Amino acid sequence: MPWLLKSEPDVFSYADLVRVGREGWNGVRNYQARNFLRQMREDDLCLFYHSNARPTGVAGVARVVREAYPDDLQFDPASEYFDPASTPDSPRWSMVDVAPVFDLPAVLTLDTLRTLPEWQDSPLTRRGSRLSVLPVTPGQFRAALRAAGVEDRDGLIGGGR
DNA sequence: GCCAACGTTGGC
DNA sequence: GCCAACGTTGGC
């Protein structure tokens, strides 16, 4: 299943992901988002979304390269993501690792996404939604890449479901 | 920088 | 278990 990951580009952009090659997606501190992280499978594709940006929108596509494991920051007292209530025996928060796949020719803006029929009923376009990790249907994924002008390469976008 | 919407916290 | 207060998210 494809996903969407939000990141503030001032903090960590898609270009940063390309630069580092691979990144641990830690610091998620919302239960719904965490539960989605735990459902991610290796090689699942992710739309990499820039929030709090100009413009806001999808900047590239990433891929899950390691499935959920305990978020390292929850045990680090020096981290702003430290959670004193979490223990190594039963970690409360999870993270995955992601790697870049390709960037989009231009940012696929939120405004454009809102025009796509497939995206009418998504937590992303729903007013007031703050979910930072959310599932994307294959139809939404295909429609997004099509709107971004990306041709299907090697059947990446897929046909089924 | 503003502020609406939302999730979490904590007193009761 | 309710709900007011508070902090955060994120578009604008």
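Which residues do ring pairs link into a cluster? I looked, and the cluster holds Phe12, Tyr14, Trp25 and Phe48. Note to self: this is a predicted model.

**Entry 1: rings**

I ran the search over the whole structure and got six aromatic pairs. I opened tryptophan 25 with phenylalanine 48: the pair is edge-to-face, with 5.6 Å centre to centre and 85° between the planes. Tryptophan 25 sits in the loop between β2 (23-24) and α2 (31-39), while phenylalanine 48 is in strand β3 (residues 45-50), so this pair ties together parts 23 residues apart in sequence. Then I checked burial. Tryptophan 25 has a relative accessible area of 8%, so I put it down as buried. Phenylalanine 48 comes out at 0%, also buried.

Next I pulled up tyrosine 31 and tryptophan 93. Their rings make a tilted pair, 4.7 Å centre to centre with 35° between the planes. Tyrosine 31 belongs to helix α2 and tryptophan 93 to the loop between β4 (57-70) and β5 (94-109), which makes this a link between distant parts of the chain, 62 residues apart. Buried or exposed, what is tryptophan 93? Buried, at 5% relative accessible area. Tyrosine 31 is partly exposed, with 42% relative accessibility.

One more ring item: I found arginine 66 over the face of tyrosine 69, 3.5 Å from the ring centre.

**Entry 2: DNA strand C**

I listed what surrounds DNA strand C: Lys6, Tyr49, Ser51, Asn52, Thr56, Leu110, Arg114, Ser129, Arg130 and Leu131. Of the strand C atoms that come within 4 Å of the protein, sugar and phosphate account for 60%. By class, I get three nonpolar, four polar and three charged residues on this surface.

Then I went through phosphate contacts on strand C. Tyrosine 49 uses a side-chain N or O atom, 2.9 Å from a phosphate oxygen. Asparagine 52 brings a polar backbone atom to 3.1 Å from a phosphate oxygen. For arginine 130 I had to look at the backbone: an N or O atom there lies 2.7 Å from a phosphate oxygen of the strand.

**Entry 3: DNA strand B**

Around DNA strand B I noted Asn30, Tyr31, Arg127, Gly128 and Arg130. Tyrosine 31 is the residue I had in the tilted pair with tryptophan 93. I split the residues by class and got one nonpolar, two polar and two charged. Sugar or phosphate makes up 70% of the strand B atoms within 4 Å of the protein, and bases the rest. Which phosphate contact did I write down here? An N or O atom in the side chain of arginine 127 is 2.4 Å from a phosphate oxygen of strand B.

Note on methods. Residues numbered from 1 in each chain as written. Chains lettered and ligands numbered in written order. Predicted model: local features only at pLDDT ≥ 70, side-chain atom pairs only at ≥ 80, totals over all residues. Heavy atoms only, no water. Near = heavy atom within 4 Å. Polar contact = N/O pair within 3.5 Å; in protein donor to acceptor, adjacent residues only side chain to side chain. Nonpolar A, V, L, I, M, F, W, Y, C, P; charged D, E, K, R; others polar. Phe/Tyr/Trp six-rings, centres within 6.5 Å; stacked < 30°, edge-to-face > 60°. Helix = DSSP H or I, 4+ residues; strand = E, 2+ residues; numbered from the N terminus. Buried < 20%, exposed > 50% of the residue type's maximum accessible area, 1.4 Å probe, protein only. Lys NZ or Arg CZ within 6 Å of the ring centre and 35° of its normal.
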